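Open the model in your viewer and follow the stops below. Each one says what to select and what is there.

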Amino acid sequence: MPGHRSVCAVSRILQCPPKLKSYAPISSAYFSTHIDVNHPMLVRDYIHAALYDPDHGYFSKRSGSVGVLDTSIKFNHLQGRQAYLQHLNKIYKQSEISWFTPVELFKPWYAHGIAEAILRTANLSVPLKIYEIGGGSGTCAKGIMDYLMLNAPPRVYNNMTYISVEISPSLAEKQKETVGQVQSHKSRFTVECRDAADRNGWGNAQQEPCWVIMLEVLDNLPHDLIYAENQASPWEEVWVEKQLDREIPSESYRPLQDRLITLCIEILAEDINGPATGVASAARSIFSKIFPKPRRCWLPTGCLKLMEALHSALPKMSLIASDFSYLPDVKLPGLRAPLVSAKIDGCSVDYNSYLDAKGDADIFFPTDFWLLERFDHYCSGWLETCQKNPSKEKKKRRTFTLDTSAFMEQFGLPSKTKTKDGYNPLLDDFKNTKFYLSVPTYNIK
């Protein structure tokens, strides 16, 4: 789960989206070999292969697609918005990379804001332990460790450990190089090259408090797709399989049976099925006969699987996650549908179907922060307990969702990313991004 790109109004204005890069097309023979009539797969497995397959996935062996700025942008030297856009356009043309993450564009201030949030909230009487899921180029890790080295009590930095859990081997090496620029960081920083959503990789549960950071990770986690013929029809799982007479795989529909899909639907409850009363069901049935309309809904089962793994392995973790709450220009149908985009001959091309992505296109989703909070509470054991015993009201987590601007105004130094005329791209342009904070309450008897 590598770090991601900045998708905001700026990228569309520039007509040079800082999110993608042109690669040599990957032959569809890969999928004709691995996806056939005899080996259908759930949509999440198809998306995981398209993004993370070791040999053919979009993120595999492509650390160069994640941009690293040679020097920080001196926002205070820029006159205003137009000057910033021109500077950003120049950077992208010179670097020829796929994207710069917000933590890279606003380094070191973005990471410093996260570090300050940790310092204000962490229990500093125990050694500080930080996990970062999908650390990209290591800019966030270095920025946080720099900040703690300079601003935290010496014992906090001296006794801290920072572990990056990175699925991409090439990005794992890049992170070591970036963080290793500061000699004292090396002994405190390690990279574990594995899939964070795989519970087996975490080993035994750790009972010590720790922090988990996920910056633009949730948008690239595989999702499942469910389908209903009309408003009153039951939901079905969507599977992908290769037709013998077609180059592109196609969808098929099966009754619900997958554990993650059924659990996700259970957590969503009425929000996906509608009220369960007889009157409401009858109304849906009548409406579906008069105005039949197929339904498609994308379920963040990859997020649910990751949250299950984290809560099981790190039951006392505190969590900071940042991601896109909304994506513009999405062509695919369905609630929470992804943007599927590639760069062909220097031009950004948005696909009409996720089935067109064969390792040469990015597939990224908006994050439903309300649903993320539901997953968080469920996986901590509180939501499930309340469903079985409503009298138990004490939550195991305190959770907050903040706009990026509100988070940075509270924990960061927004004056550092402000131009001469007062325009601040970090606060003004990232309206479609949010921060999610979750900490254990420690008040459960």
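## Cysteines, a helix and a cavity

Start at C193, which is partly exposed, with a relative accessible area of 43%. Keep in mind that this is a predicted model.

Now select C379. This cysteine is buried, with a relative accessible area of 17%; the cut-off for buried is under 20%. Does a partner sit close by? Draw the distance to the nearest cysteine sulfur, that of C303: it comes to 8.2 Å, and C379 is in no disulfide. A disulfide needs two cysteine sulfur atoms within 2.5 Å. Across the whole structure, the search finds zero disulfides.

Next, select helix α13, residues 301-313. Its 13 residues should span 18 Å at 1.5 Å a residue, and its end C-alpha atoms agree, lying 18 Å apart. Colour the helix by burial. Ten of the 13 residues are buried, so α13 is largely enclosed by the rest of the structure. C303 is one of the buried residues, and so are T301, G302, L304, L306, M307, A309, L310, H311 and A313.

Stay with C303, which also helps line the second largest cavity. The cavities of 30 Å³ or more number four. The second largest holds about 90 Å³ of space. To see the rest of its lining, add L218, H223, P300, R336, P366, T367, D368, L371, L372 and F375. By class, the lining has seven nonpolar, two polar and two charged residues.

Last stop: helix α14, residues 369-380. This helix gives the largest share of that cavity's lining, three residues.

Technical notes: Residues numbered from 1 in each chain as written. Predicted model: local features only at pLDDT ≥ 70, side-chain atom pairs only at ≥ 80, totals over all residues. Heavy atoms only, no water. 1 Å grid on protein atoms, 1.4 Å probe; cavity = no way out; pocket = protein on both sides within 12 Å on 5 of 7 lines; lining within 4 Å. Points joined across faces, edges and corners; volume = space filled by probe spheres on them. Helix = DSSP H or I, 4+ residues; strand = E, 2+ residues; numbered from the N terminus. Nonpolar A, V, L, I, M, F, W, Y, C, P; charged D, E, K, R; others polar. Expected span 1.5 Å × (residues − 1). Buried < 20%, exposed > 50% of the residue type's maximum accessible area, 1.4 Å probe, protein only.
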